[in-house]
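Trainee: I would like a close look at one helix in this structure, please. Walk me through how it sits against its surroundings, and then how that fits into the rest of the fold.

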Amino acid sequence: MTDEGIQLTAAVAWPRLGGFWRRLFASLIDYLVVLVPVYSLVTGLFLFTDGGVKGHFWLNWRICSTASVHGNPSLEAYNWQVCKTSFLGFPVAEWAVGTAKDTQSEAAPAVSLDLDPKGNFRPTALDLGFLEFPILAIYLLVMEMASGQSVGKRVLSLVVHDEYDWHRPGLSLQKAARRQVIKFLGAVPVTLTGAWFAFEAWKSVPGLVPNYSKVEIACAFAAFALALIWPIWIGFSIASGNEPIHDRVTDTTVRISETHE
């Protein structure tokens, strides 16, 4: 058989590539599948630790309302808002933010104070928001090893195949791990900087909004930019009809499930 014949046979045998919109909605479903139990866990930890653990995630529901703060005369120099991030009505983070009434005064321009579930001031809580992407990557690794399908891919009739053994259900550990590492490579810096800021602020005395150095700000900005650029590049590759970087490197491909053809 000629090379052209081999390529034609392979093209006929393979199911259609999973398109941009299918893969995008599958990813959104998987994000929600992970986010719901993570929010539930952080809610329990927030209540169990008396506000010592909190969570700020990329997708969150935040409500702020005007409030009065008592207990120290110096606090009267600020206009206060109490903000709460919650899941199904249960708080995962609660804090008070004060902005100086007189910008010309010697008072700090802004103050942020963590609150416990009873609304009292407490030392800064440990923010577990940096665990969001590692947990999502582990979830996808396990699901794609087991069957080649996460919950989102199953709903959208997509399957991850090994290009050299596409009848095999699921991926090998090596391929699944390498695939997730490359897919989430853009999120590694923002995860590390998030962990740095979380542990640096943990248990610090309530007070001024942290004053970070220019180097820290520059690193955080670069990490955030990469976290946005990397998935945009992946999405552009898929929308162009090409395999994204994590599939090209690992010799995997995402196809529409044959059972739904």
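Mentor: Happy to! First, a word on terms: a helix here is a DSSP run of H or I at least four residues long, and the numbering of helices starts from the N terminus. Please also keep in mind that this is a predicted model. The protein has 8 helices and 9 strands, and of its 261 residues, 42% are buried.

Let's settle on helix 6, which covers residues 188–201, and its partner helix 7, residues 214–239. Two packed helices are described by the angle and the distance between their axes. In this pair, the axes come within 8 Å and cross at roughly 140°. Helix 6 is therefore oblique to helix 7, because an angle has to be over 145 degrees to count as roughly antiparallel. The crossing of helix 6 and helix 7 is left-handed.

Now look at the side of helix 6 that meets helix 7. Helix 6 contributes Pro 189, Val 190, Thr 193, Trp 196, Phe 197 and Glu 200. Across from them, helix 7 offers Glu 216, Cys 219, Ala 220, Ala 223, Phe 224, Leu 226 and Ala 227. Sorted by type, the residues in this contact are 10 nonpolar, 1 polar and 2 charged.

Next, pick out Ala 198, which also lies in helix 6. Its relative accessibility is 7%, so Ala 198 counts as buried. Leaving out residues up to four places away in sequence, Ala 198 touches Leu 126, Asp 127 and Phe 130. Leu 128 belongs in this picture too: 70 residues separate Ala 198 from Leu 128 in sequence, yet their C-alpha atoms are 7.5 Å apart. As for the protein as a whole, take the contacts between residues at least 6 apart in sequence: 65% of them join residues at least 24 apart.

From here we can step into the largest nonpolar core, which has 25 residues. The members that touch the most other members are Tyr 39, Val 42, Phe 57, Leu 128, Leu 136, Phe 184 and Val 190. You have met Val 190 already, as one of the helix 6 residues that meet helix 7. Helix 2 (20–48), helix 3 (132–146), helix 6 and helix 7 each supply at least two residues of this core, and helix 2 gives the largest share, with 6 residues. For a look at one of the well-connected members, try Phe 57: neighbours within four places aside, Phe 57 is in contact with Leu 35, Val 38, Tyr 39, Val 42, Leu 128, Gly 129 and Glu 132. Apart from this core lies another one, of 9 residues, including Val 69, Tyr 78, Ala 96 and Ala 100. Tyr 78 sits in strand 3, residues 78–87, and its 9% relative accessibility means that Tyr 78 counts as buried.

One last stop, at the backbone. Most residues other than glycine have a negative phi. Asp 50, in the loop between helix 2 and strand 1, has a positive phi, near 60°. Asp 251 has a positive phi as well, near 55°, and lies in the loop between helix 8 and strand 9. Asp 50 counts as partly exposed because its relative accessibility is 38%, and Asp 251, at 24%, counts as partly exposed too.

Notes: Residues are numbered from 1 along each chain as its sequence is written. This is a predicted model: local features need pLDDT of at least 70, side-chain atom pairs count only at pLDDT 80 or more; totals for chains, interfaces and linings use all residues. Side-chain values use heavy atoms; hydrogens and water are left out. Axes are lines fitted to C-alpha atoms, for helices over the stretch in contact, and angles run from 0 to 180 degrees between N-to-C directions. Angles under 35 degrees count as roughly parallel, over 145 as roughly antiparallel, 65 to 115 as roughly perpendicular and the rest as oblique. A crossing is left-handed if the near helix is turned anticlockwise from the far one by less than a right angle, and right-handed if clockwise. Contact means heavy atoms within 4.5 Å. Ala, Val, Leu, Ile, Met, Phe, Trp, Tyr, Cys and Pro count as nonpolar, Asp, Glu, Lys and Arg as charged, and the others, Gly among them, as polar. A nonpolar core is a set of buried Ala, Val, Leu, Ile, Met, Phe, Trp, Tyr and Cys residues joined through side-chain atoms within 4.5 Å. Buried means under 20% relative accessible area, exposed over 50%, partly exposed in between (1.4 Å probe, protein chains only).
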